[in-house]
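Dear colleague,

I am passing on the structure below, together with some notes on what turned up when I went through it. Please look at the sequence and the coordinates before reading further.

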Amino acid sequence: MADITKRAGWRHLRSAPTAHIRHHRRGKLVHDGTGLSFWYRSLSAALSEVPVNDRELTMAFHARTADFQDVSVQSTVTYRISEPEAAATRLDFSIDPDTGAWRGAPLEQISTLLTETAQQHALDVLARTPLSAALVDGVAAVRDRIAAGLEQEPRLPATGIEVVAVRVVAIRPEPEVERALRTPAREQIQQEADRATYERRAVAVERERTIAENELASKIELARQEERLVEQRGTNARREAEESAAADAVRAEAEAGRKVRLARADAEAAREVGEARAQAQAAWLRVHGEVDATTLHALAATRLAENLPRIDSLTLSPDVLTGLLSKLGGGNGGGA
């Protein structure tokens with residue numbers, strides 16, 4: 001909407017760059033263009049404002065397919081007024097010179113024209129298409145048909161309207177039909193999900209079985225290694241015992257040999273000592289056999305004196321001394 005300012009019976013209009021302004025005064029075109037700004041008197045001015053920017057028109061309508069199923073179509077048409085002079089002459093774009101508001105509803109007229117034209121072509125193509133095909137390929141078919149129909153509509157270029165783009169957002173069946181159509185797909189998706197779940201479980205079970213087998217194989221291998229270790233330890237212990245027994249036998253044999261040698265040496269020494277003693281005793285006996293009795297008595301007395309205890313003092317009476325002297329004297333005389 002144009003910006004209008006009041007000043008002492010005059011009006012000043014300032015339009016936007018996207019609005020085409022046409023100013024007539026006394027039936028003559030005074031100002032014509034976009035983004036204008038000028039002064040005018042409201043009593044003698046006839047103003048019209050035509051938007052030239054792109055506009056989006058959203059449409060939603062119902063249609064029936066070839067198999068008598070109701071569907072709803074949602075689409076959007078982008079258009080612009082490319083010839084504002086023609087549009088201003090065909091539609092009422094006049095504005096109030098005091099407020100700048102449109103006197104009529106020109107954009108609603110354009111919306112009605114575009115909606116009815118697009119709906120006519122959409123109904124025509126859907127009436128020849130079954131529901132299943134409409135849901136699969138209907139969007140492209142309806143879009144192409146609406147675009148072609150709007151391009152061939154003669155009232156649009158006569159009104160200065162140019163269609164920029166056509167988009168069909170969705171074609172949807174009735175809620176009950178949509179639920180019925182979704183059921184097989186949902187069941188199939190559920191089956192796929194169940195199959196995937198079962199496959200994951202099977203894979204998990206297989207992995208667990210593989211892990212259990214690996215653990216069991218590891219335990220078996222460990223048991224085998226332990227058995228080998230026990231056998232090796234037994235072999236080592238047996239070998240150690242055998243070697244220890246052999247060493248003990250060698251030591252015992254060596255000790256026995258040493259003792260035998262010692263015994264033999266002791267026996268030989270004892271024999272030699274005995275022989276020496278026997279020889280000494282025999283020599284002693286021979287010597288004593290050849291000596292007279294008086295000498296033997298003297299030797300006996302000497303041996304006896306060696307073995308007697310120590311006598312600190314000895315008292316000899318005259319009787320004892322006389323008897324001893326007489327024996328010694330008698331002995332000597334006999335010997336002479």
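I begin with a pairing in the sheet: R22 has S48, in strand 6, as its bridge partner. This is a predicted model, and that pair belongs to an antiparallel arrangement in which strand 3 and strand 6 (residues 45-51) are joined by 7 bridges. Strand 3 also pairs with strand 4 (residues 28-34), again in the antiparallel sense, over 6 bridges, and here H23 stands opposite H31 of strand 4. The hairpin that strand 3 and strand 4 form has 2 residues between the strands, and in this hairpin R26 adopts a positive phi near 55°. Strand 3, which spans residues 19-25, is mostly covered, with 5 of its 7 residues buried.

Turning to the interior, the largest nonpolar core comprises 31 residues, among which F93, I110, L114, L126, V142 and I146 touch the most other members. At least two residues of this core come from each of strand 7 (55-64), strand 8 (70-81), helix 2 (106-126), helix 3 (131-152) and strand 10 (161-173), while helix 2 makes the greatest contribution, with 8 residues. If one sets aside its neighbours within four places in sequence, L114 is in contact with L57, M59, V77, Y79, L150, L156 and V163. There is, in addition, a second and separate core of 9 residues, including I4, I21, A45 and I95.

For the chain as a whole, the model contains 7 helices and 10 strands, and buried residues account for 22% of its 336 residues. Among contacts in the protein chain with a separation of 6 or more, 64% are between residues 24 or more positions apart. The accessible surface amounts to about 23,300 Å², and carbon and sulfur atoms hold 54% of that area.

A word on confidence is in order. The average pLDDT of the protein chain is 86, and 88% of the residues score at least 70. Over residues 332-336, however, pLDDT stays under 50, and the model shows 0 contacts beyond four places in sequence for this stretch. Where pLDDT is low, the predicted coordinates should not be read in detail.

With best regards

Definitions and conventions
Residues numbered from 1 in each chain as written. Predicted model: local features only at pLDDT ≥ 70, side-chain atom pairs only at ≥ 80, totals over all residues. Heavy atoms only, no water. Core = buried A, V, L, I, M, F, W, Y, C linked by side-chain atoms within 4.5 Å. Buried < 20%, exposed > 50% of the residue type's maximum accessible area, 1.4 Å probe, protein only. Helix = DSSP H or I, 4+ residues; strand = E, 2+ residues; numbered from the N terminus. Contact = heavy atoms within 4.5 Å. Pairing = 2+ DSSP bridges. pLDDT = per-residue confidence, 0-100. Areas by Shrake-Rupley, 256 points an atom, 1.4 Å probe, with all protein chains shown as cover.
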